Amino acid sequence: TIWDKTYFDDDSLFGESTSGSESDSSSGESDDENIEEEGDDDLKPVEVAEEKPPEEVSEFLSQEDEVDSLLSEMKHTLQSPIDRAMAEKKASATSIHPNLSTGSSEDQKNAKNRKSWAVTDYIPLTDDADFHTLCPNPALTFPFELDDFQKQAILRLEKRQCVFLAAHTSAGKTVCAEYAIALAKKHCTRAIYTSPIKALSNQKYRDFRSKFGEDVGLITGDMQIGADGSCLIMTTEILRSMLYRGADLIRDIEWVIFDEVHYINDSERGVVWEEV
């Protein structure tokens with residue numbers, strides 16, 4: 001192998017020769033000139049695009065906008081009377097609960113700004129949109145005038161919303177439970193009524209059987225009566241066991257009614273209500 005000493009010279013690594021010949025420098029200058037000339041040839045004038053006047057907007061809607069407009073009109077047409085009443089109430093900006101309207105202005109401000117897990121607004125009932133207008137075909141009628149909280153609960157049930165009732169003893173909470181059972185019969189589904197103790201289950205079984213007939217069943221730890229009924233009465237522990245086992249009747253359930261739901265605070269049995 002023949003090694004060229006000049007290749008490994010320090011200066012030659014940077015393109016310079018140790019001999020310092022003028023031919024290299026002259027050739028380098030000529031190369032720079034050639035590059036500059038070639039560069040001048042590459043420069044071309046750039047044409048600036050003329051600004052076009054804005055296009056006129058068509059008076060006709062596009063297909064997408066026309067479809068959206070038709071869908072919004074259909075939604076408004078198919079809206080139920082209850083939804084319309086709630087929308088009108090929201091538009092009037094009077095969404096505070098009647099019980100929260102009293103008190104100082106600071107209390108009302110805190111009531112409006114607080115974060116709530118439940119909707120406490122009343123569905124507005126007027127002369128033009130009373131209870132019978134909003135619920136023209138009730139699943140169950142009663143021979144007496146309903147209280148306000150009962151009407152509100154029934155309207156929420158008609159909208160298939162969950163309802164939490166807190167009222168004193170003998171206030172009429174069972175009326176709302178009976179209406180949920182009647183809705184299940186109307187829709188050909190099931191309603192489960194749970195109670196914390198077996199004695200209360202037996203009492204409700206007798207009451208509901210006299211009102212709804214033989215389509216009421218009772219399931220306890222030692223007894224099963226009419227297990228294929230549209231209304232089944234049982235303890236909460238029985239319902240939890242069915243949920244864990246994946247019983248067939250679970251898929252037909254529309255309503256679950258928890259009687260004496262305050263048992264959720266019980267230190268020993270409260271976990272059952274939480275799991276269900």
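Me: Before we start on α7, what does buried mean here?
Reply: Buried means under 20% relative accessible area, and please keep in mind that this is a predicted model.

Me: OK, which residues of α7 are buried?
Reply: The buried residues of α7 are Val175, Cys176, Ala177, Glu178, Tyr179, Ala180, Ile181, Ala182, Leu183 and Ala184, and with ten of its 14 residues buried, the helix is mostly covered.

Me: And what covers them?
Reply: The cover over the buried residues of α7 includes the helices α6 and α8 together with the strands β1, β4 and β5.

Me: How does the span of α7 compare with what its 14 residues should give?
Reply: The two agree, because 14 residues at 1.5 Å a residue should span 20 Å, and the end C-alpha atoms of α7 are 21 Å apart.

Me: What about phi at Cys188, which follows α7?
Reply: Cys188 has a positive phi, near 60°.

Me: Switching to the core, how many residues are in the largest nonpolar one, and which have the most contacts inside it?
Reply: The largest nonpolar core has 30 residues, and those with the most contacts inside it are Tyr179, Phe208 and Ile233. At least two residues each come from a set of elements that includes α6 (148-158), α7 (173-186), α8 (198-212) and β4 (231-235), and α7 gives the most, with eight residues.

Me: Is there another core apart from that one, and which residues are in it?
Reply: Another core, of eight residues, lies apart from it, and among its members are Ile192, Leu232, Leu239 and Leu249.

Me: Back to Tyr179, what does it touch?
Reply: Leaving out residues up to four places away in sequence, Tyr179 touches Cys135, Pro138, Ala139, Leu140, Phe142, Ile154, Leu157 and Glu158.

Me: And Phe208, buried or exposed?
Reply: Phe208, which is found in helix α8, counts as buried because its relative accessibility is 1%, below the 20% cut-off. Beyond its neighbours within four places in sequence, its contacts include Glu178, Ile181, Tyr193, Val216 and Ile233. The C-alpha atoms of Phe208 and Ile181 are separated by 9.3 Å, although the two residues are 27 apart along the chain.

Me: Now the outside, which residues form the nonpolar patch on the surface?
Reply: That patch is formed by Trp117, Phe164, Val256, Phe258 and Val261, which together have about 540 Å² of accessible area.

Me: Where does Trp117 lie?
Reply: Trp117 lies in the loop between α4 (105-113) and α5, and Trp117 is exposed because its relative accessible area is 76%, where exposed means over 50%.

Definitions and conventions:
Residues are numbered from 1 along each chain as its sequence is written. This is a predicted model: local features need pLDDT of at least 70, side-chain atom pairs count only at pLDDT 80 or more; totals for chains, interfaces and linings use all residues. Side-chain values use heavy atoms; hydrogens and water are left out. A nonpolar core is a set of buried Ala, Val, Leu, Ile, Met, Phe, Trp, Tyr and Cys residues joined through side-chain atoms within 4.5 Å. Buried means under 20% relative accessible area, exposed over 50%, partly exposed in between (1.4 Å probe, protein chains only). Helices (H or I, at least four residues) and strands (E, at least two) are DSSP runs, numbered from the N terminus. Contact means heavy atoms within 4.5 Å. Patches are made of residues with over 30% relative accessible area and no salt bridge: like charges are joined within 9 Å, nonpolar side chains (Val, Leu, Ile, Met, Phe, Trp, Tyr) within 5 Å. Accessible areas come from the Shrake-Rupley method with a 1.4 Å probe; for residues, only the protein chains shown count as cover. A salt bridge is a side-chain nitrogen of Lys or Arg within 4 Å of a carboxyl oxygen of Asp or Glu. The expected span of a helix is 1.5 Å times one less than its number of residues.
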